[in-house]
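Good morning, colleagues. Please look at the sequence and the model on the screen while I speak.

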Amino acid sequence: MILVNTDYIAGKELEMLGLVKGSTIQSKNLGKDITQSFKTLVGGELKAYNEMMNEARALATKRMVEEAEALGADAIVNVRYASAAVMQGAAEVMAYGTAVKIR
């Protein structure tokens, strides 16, 4: 599966199949939440939350690709990511794009 953030694939004619998306809501355990809240007092990277967001993006992307494959797509163009805090320590990540068939 080809994933691009442009609306075309150079040298390819594309047939648009439709919007595809994948999402997930992730959180860290209470222990990680507490240690990360202490980190905000002194500053620096919140590694546990960084890992959480990386895992969430990967899972959202996987789900988007599965939806595109079910449509018979060869690629997804205009891939975008969005995230939002659902509650303290939990975030939703959505991956979306246009599923296409290469002619």
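I shall describe the sheet, then the helix that lies across it, and finally the nonpolar cores.

This is a predicted model, in which local features need pLDDT of at least 70 and side-chain atom pairs count only at pLDDT 80 or more, whereas totals for chains, interfaces and linings use all residues. Residues are numbered from 1 along each chain as its sequence is written, and side-chain values use heavy atoms, without hydrogens and water.

Helices (H or I, at least four residues) and strands (E, at least two) are DSSP runs, numbered from the N terminus. Four strands make an open sheet of mixed pairing, in the order 1-3-4-2; two strands pair if DSSP finds at least two bridges between them. Strand 1 (2–3) and strand 2 (14–27) each have a single partner strand, so one side of each has no neighbour in the sheet. Strand 2 runs antiparallel to strand 4 (residues 90–102), and 13 bridges join them. Gly-18, for instance, has Ala-99 in strand 4 as its bridge partner.

Leu-59 belongs to helix 2 (residues 47–70). Leaving aside neighbours within four places in sequence, Leu-59 is in contact (heavy atoms within 4.5 Å) with Thr-24 and Gln-26.

Turning to the interior, the largest nonpolar core has 16 residues. Such a core is a set of buried (under 20% relative accessible area, 1.4 Å probe, protein chains only) Ala, Val, Leu, Ile, Met, Phe, Trp, Tyr and Cys residues joined through side-chain atoms within 4.5 Å. Helix 2 gives the most to this core, with eight residues.

Note on methods:
Axes fitted to C-alpha atoms, helices over the stretch in contact; angles between N-to-C directions. Buried < 20%, exposed > 50% of the residue type's maximum accessible area, 1.4 Å probe, protein only.
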